[in-house]
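Work through the exercises below with the structure open. Try each task before you read its solution.

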Amino acid sequence: MTDDTVLDIRNLSKAYHVRRGGKNHEVRAVDDISLAVRAGETLGIVGESGCGKSSLARAVMGLTRADGGKVIHDGVDLLTLDRRSLARARLRIRMVFQDPYASLDPRRSVGDSVAEAGDIHGIFESSAERKRLVGEALDRVGLGAGFADRFPHELSGGQRQRVGIARAILPEPELVIADEPVSALDVSIQAQVLNLLAELKNRLGLTLLFISHDLSVVAKISDRVAVLYMGRVVEIAPARPLFRDPRHPYTELLIQAIPRPDPSTRITGAIEPDEPPSRFARLAGCPFRDRCPRRTEICATDAPELREIEPGRFVSCHHA
Amino acid sequence: MTGAHTTDPILSVSDLVVAVAGRIKIVRGVSFDIAPGEILGLVGESGCGKSMTSLAAMGLLPPAIGVTKGRILLGGTDITRLAPHERVDRGCGRIAMIFQEPMTSLNPVLRIGDQIEEAIRVHDPDVVPAVRARELLDMVRIPDAAHQLSAFPHELSGGMRQRVMIAIALACRPSVLIADEPTTALDVTVQRQVLGLIRELCDTLDMGVLFITHDLGVVAQLADRVAVMYAGGLVETGDVVPLFAAPLHPYTAGLMGCLPDPDSDDPLLATIPGSAPRPDEVGDGCPFAPRCPRVADICRRGAVPVRHTDTGQAVRCHFPLNGEAST
């Protein structure tokens, strides 16, 4: 951890207990993850469904109770805070969700939704100030103060996500955690919202934790990227080097699988199915080993540690 | 906008119009052909009418939505106004369809084998269902077929469920497969595998495939020909290589520009300003005019003619990007 760390996630773990086929299974959604988010950066978290990226965000925000670890912000472990103090901390760390349809109350006006956190914590000194700050937040996301009196059903998906962003930035947070913020949007709208996030980050001096399944989106918007597989971080690197020269075989697989708008790399025929193992099975060794072209004996017995192979590049692979 | 073919098309859609309550047009004069063994990628954003086009071809339009104009020919036979049950045994071939979310198409309380065999009994009475079911699972490359036949849908991964749906679709020995965003709910690594399977089945069974997607990357790597749809109409069609090398319609070019390219130095993405019109907002002129960087007065007046190029592309635009397209 360096001095400019805004959020220091240490050894965070979260398991879910699932009953399937008459047996209890433990799914380690977040398995001993450590990450330091630096002031002013965009840290991308990427991985496929079930890799633990959303559980990580929820555990950090206290939306689900972590089993172990620390989440340190401003010198305080958020996981030890009582409800009241946690709620105050959440004014400094705000979240933007995937589904702008589900995350806005259909019966509340846009202005009331944007003002909600401010209302709860009494940050507005007068109704005139409330109106001014809501209008300002709506201006910043490109909607304009006039949207305050509208209702979610009157808005398009892109406009709703802008409202979600306005709601996040109103209390002037330090850190915004965006969980799949553009996944539900059409490509042309997705580009608009990504640009908005990048612009707000610069203008407001935000730090952004950007979570997505889409590596090309993550690589575009992020300064650094952490790749998750089965609840663990398998690689962390600056975005472009990671995309150009992945060091973990899973990152490589992920990059190769991205559909590129380039007909010179054609899909020619079927290959045998190759899918992640069941999350119910507890594997010793490396979680990726069954799918890995580089696997050797050690991969079956020893779980690789995340180690720094070059300044700023971390990989958890015995053969990186 | 029909492309040139060396073989007769297996599916031919011409000037198709689909409307809600006979008034609001949600598909506006769409035409395309698909040859056996060919994948046509129909690409567009949500609400552009791509799914309604495919449901019209399947005869599965919801109540109050109907075909008001145009023809759908399957193996040369007009099936435009036939209900699905009237299409069986006309000797013109069959259309099968797979959807985005296989879990909503599978019955959660029936074993996989029973669901495949049910489709076999309906369409293929002369075979032994259990034997054919095993064969179909092999065709979609589900490993350990005998064991998987007794599994329930929830016991399979999303990728395996989509393979089961493809097996059920193949049970009727279709000559055309319509795939509506079949890999959108899957992870990228699994998506790649299912796309490879669709390509292989298209080639080996000589099926025509109408592949509907919002993902230009998938289209580029999988489709032989591409049709780009916007606000109910096709704006551009062409072979995949020339179309991606030099898109002619400003919307096609705009969509390509919106894709994040991690190798580019520009921190910002290109965008298309505004959003697509609702079907009741589309007037007579070009529906893309309000968002178009090349718009002129003529674009807002009357229908836009289709222009063809020597590369086989067709574009519905007064000011296509290469400037050389002839009428």
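## Exercises on a predicted two-chain model

**Exercise 1. Place β7(B) among its neighbours.** Find which residue of β7(B) stands opposite B:Ile95, and which strands pair with β7(B).

*Solution.*
- Step 1. B:Ile95 stands opposite B:Val176 in β7(B).
- Step 2. The pairing with strand β6 (residues 95–98) of chain B is parallel and has four bridges.
- Step 3. Turn to strand β8 (residues 208–213) of chain B. β8(B) also runs parallel to β7(B), and five bridges join them.
- Step 4. Here B:Asp180 stands opposite B:Ile212 in β8(B).
- Step 5. Now follow the chain from β7(B) to β8(B). The path goes through helix α8 (residues 188–205) of chain B, and this β-α-β crossover is right-handed.

**Exercise 2. Decide how enclosed β7(B) is.** How many residues of strand β7 (residues 176–180) of chain B are buried?

*Solution.*
- Step 1. Apply the cut-off: a residue is buried if 20 or more other C-beta atoms lie within 10 Å of its own.
- Step 2. Five of the five residues pass, so β7(B) is largely enclosed by the rest of the structure.
- Step 3. Sort the residues by direction. B:Val176, B:Ile178 and B:Asp180 point one way, while B:Leu177 and B:Ala179 point the other way.
- Step 4. The pattern has a general background: side chains in a regular strand alternate between the two faces of the sheet.

**Exercise 3. Describe the contact between the domains of chain B.** Which element supplies the largest share of the side of domain 1 of chain B that touches domain 2 of chain B?

*Solution.*
- Step 1. Set the bounds. The domain assignment gives domain 1 as 35–51 + 176–327 and domain 2 as 95–173.
- Step 2. The C-alpha centres of these two domains of chain B lie 31 Å apart.
- Step 3. Look at the contact itself: 14 residues of domain 1 of chain B meet 15 residues of domain 2 of chain B.
- Step 4. On the domain 1 side, β7 and α8 of chain B each supply at least two residues. The largest share, five residues, comes from β7(B).
- Step 5. Classify that side: 10 residues are nonpolar, two polar and two charged.

**Exercise 4. Read the contact between the chains.** How many residues of chain A are in contact with chain B, and which helix gives the largest share?

*Solution.*
- Step 1. 41 residues of chain A are in contact with 43 residues of chain B.
- Step 2. Four helices of chain A each supply at least two residues of its side: α6 (187–204), α7 (215–221), α8 (239–244) and α9 (249–257).
- Step 3. α6(A) gives the largest share, nine residues.
- Step 4. The chain A side divides into 20 nonpolar, 11 polar and 10 charged residues.
- Step 5. Look closer at α9(A). Its buried residues include A:Pro249, A:Tyr250 and A:Leu254. The buried residues of α9(A) pack against α7, β9 (224–229), β10 (232–238) and α8 of chain A, together with α8 of chain B.

**Exercise 5. Order a sheet in chain A.** Which strands are at the edges of the open sheet of four strands?

*Solution.*
- Step 1. The order is β2-β1-β4-β5 (chain A), and the pairing is antiparallel.
- Step 2. The edge strands are β2 (23–38) and β5 (76–77) of chain A, as each pairs on one side only.
- Step 3. Check one edge. Strand β4 (residues 68–73) of chain A pairs with β5(A) over two bridges. The bridge partner of A:His73 in β5(A) is A:Val76.

Notes:
Residues are numbered from 1 along each chain as its sequence is written. Chains are lettered from A and ligands numbered from 1 in the order in which they are written. This is a predicted model: local features need pLDDT of at least 70, side-chain atom pairs count only at pLDDT 80 or more; totals for chains, interfaces and linings use all residues. A residue is buried if 20 or more other C-beta atoms lie within 10 Å of its own, exposed if 12 or fewer, and partly exposed in between; C-beta atoms are placed from the backbone. Two strands pair if DSSP finds at least two bridges between them. A crossover is right-handed if, with the strands pointing away from the viewer, the path from the first strand over the helix to the second runs clockwise. Two residues are in contact if their C-beta atoms, placed from the backbone, lie within 7 Å. Ala, Val, Leu, Ile, Met, Phe, Trp, Tyr, Cys and Pro count as nonpolar, Asp, Glu, Lys and Arg as charged, and the others, Gly among them, as polar. Domain bounds come from an automatic or database domain assignment.
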